[in-house]
Amino acid sequence: MEAGIRSFDITMPEEINRMVTDSITDYFFTTSEVANNNLRQFGARQEQIFFVGNTMIDTLLKNLPRLQQPAVWNDKQLQPQQYFIITLHRPANVDEEGKLKLLIDEIVQNVHGIPVIFPVHPRTAKILAGMGIGAPNLHMIEPLGYLEFNYLVQHAKAVITDSGGITEETTVLGVPCLTLRDNTERPETITIGTNELIGTNPKAIEPALTKLFAGEWKKGGIPELWDGKTGERIVQHLLNLS
């Protein structure tokens, strides 16, 4: 599942894992035509490739009615579309204290004073400890569970992240997403969805947020077959293959 996705950045451990896994795979279940093409170029035969959609979206759509309001909602008196969410964990963004501080400073200084909710990844928490980063509108909290985190995503003005999976969820939820990476293995979130690849230069944040506040962010759409029925299609293909 999720076969053929590629960032083409072999400094990422998961990119190596994807390549190794695809090299020993018999049948590939893919999320997009981009992934299909990656597999063809990798040497996979067409009869091995099945375009089925995205199982992460099955999970999201199934759980939308179960999303839970986290304690931070009332604690910080949050209002729909009146706060941002940050997630940061990739080495390029968090391993160097100075770089991490610049990223956070650029964000909090350019969101017009509205709250920024930052569920801090354990990797990032170790680096933040003792750095003294703070601002009146920056609220660093413990990591959240799936249902609570996606409640915040669903109602956010925008998400600022270096995660790949979150860009898929924001695309389906129609929430603007600013990705602090130089590459992505999910290009359909950019070409079709609500995501924009901002890069890792902190100076790229201000113009992106200016665009967002000006109401000029793209509306985005939902990629083909990201409809909550991917698992059913996979099961049917497996039955046909058996």
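Is Gly-4 buried or exposed? This model is a predicted one, and in it Gly-4 is buried, with a relative accessible area of 2%. The close-ups below start there and then move on to the helix packing and a few backbone angles.

**View 1. Gly-4 and what sits around it.** You'll find Gly-4 in the segment before α1. Skip its neighbours within four places in sequence, and Gly-4 is in contact with Asp-22, Ala-35, Asn-38 and Leu-39. There's a long-range pairing to look at here too: Gly-4 and Glu-185 are 181 residues apart in sequence, yet their C-alpha atoms are 9.1 Å apart in space.

**View 2. The buried side of helix α2.** Helix α2 runs over residues 33–42, and its buried residues are Ala-35, Asn-36, Asn-38 and Leu-39. They span an arc of only 160° around the axis, so they end up on the same side of α2. The cover over these buried residues includes α1 (13–23), β1 (28–30) and β2 (49–51). Just after α2 comes Gly-43, with a positive phi near 110°.

**View 3. Helix α3 against helix α9.** Here α3 (residues 55–63) packs on α9 (residues 165–173) at an angle of about 55°, with the axes 10 Å apart. That angle makes α3 oblique to α9, and the crossing is right-handed. On the α3 side, the contact is made by Met-56, Ile-57, Leu-60 and Leu-61, and α9 brings Gly-165, Glu-168, Glu-169, Val-172 and Leu-173. Sorted by class, that's six nonpolar, one polar and two charged residues.

**View 4. Helix α8 against helix α9.** Helix α8 (residues 146–155) packs with α9 at an angle of about 50°, their axes 10 Å apart. What does that make α8 relative to α9? The answer is oblique, and α8 passes α9 in a right-handed crossing. From α8, Tyr-146, Phe-149, Asn-150, Val-153 and Gln-154 meet Ile-166, Glu-169, Thr-170 and Leu-173 of α9. The contact residues split into five nonpolar, three polar and one charged. If Glu-169 and Leu-173 look familiar, it's because they turn up in the α3 contact with α9 and in the α8 contact with α9.

**View 5. Helix α3 against helix α8.** This view closes the set of helix pairs. The axes of α3 and α8 come within 11 Å and cross at roughly 85°, which makes α3 roughly perpendicular to α8. Met-56, Thr-59, Leu-60 and Asn-63 in α3 meet Tyr-146, Leu-147 and Asn-150 in α8. By class, the contact has four nonpolar, three polar and no charged residues.

**View 6. Positive phi at Glu-2.** Most residues other than glycine have a negative phi. Glu-2 has a positive one, near 60°. Glu-2 is found in the segment before α1, and at 23% relative accessibility Glu-2 counts as partly exposed.

**View 7. Positive phi at Gln-81.** Gln-81 isn't a glycine, but its phi is positive, at about 60°. Look for Gln-81 in the loop between α4 (71–75) and β3 (84–87). With a relative accessibility of 39%, Gln-81 counts as partly exposed.

Note on methods
Residues numbered from 1 in each chain as written. Predicted model: local features only at pLDDT ≥ 70, side-chain atom pairs only at ≥ 80, totals over all residues. Heavy atoms only, no water. Axes fitted to C-alpha atoms, helices over the stretch in contact; angles between N-to-C directions. Helix = DSSP H or I, 4+ residues; strand = E, 2+ residues; numbered from the N terminus. Parallel < 35°, antiparallel > 145°, perpendicular 65-115°, else oblique. Left-handed = near helix turned anticlockwise from the far one by under 90°. Contact = heavy atoms within 4.5 Å. Nonpolar A, V, L, I, M, F, W, Y, C, P; charged D, E, K, R; others polar. Buried < 20%, exposed > 50% of the residue type's maximum accessible area, 1.4 Å probe, protein only. Arc of directions from axis to C-beta.
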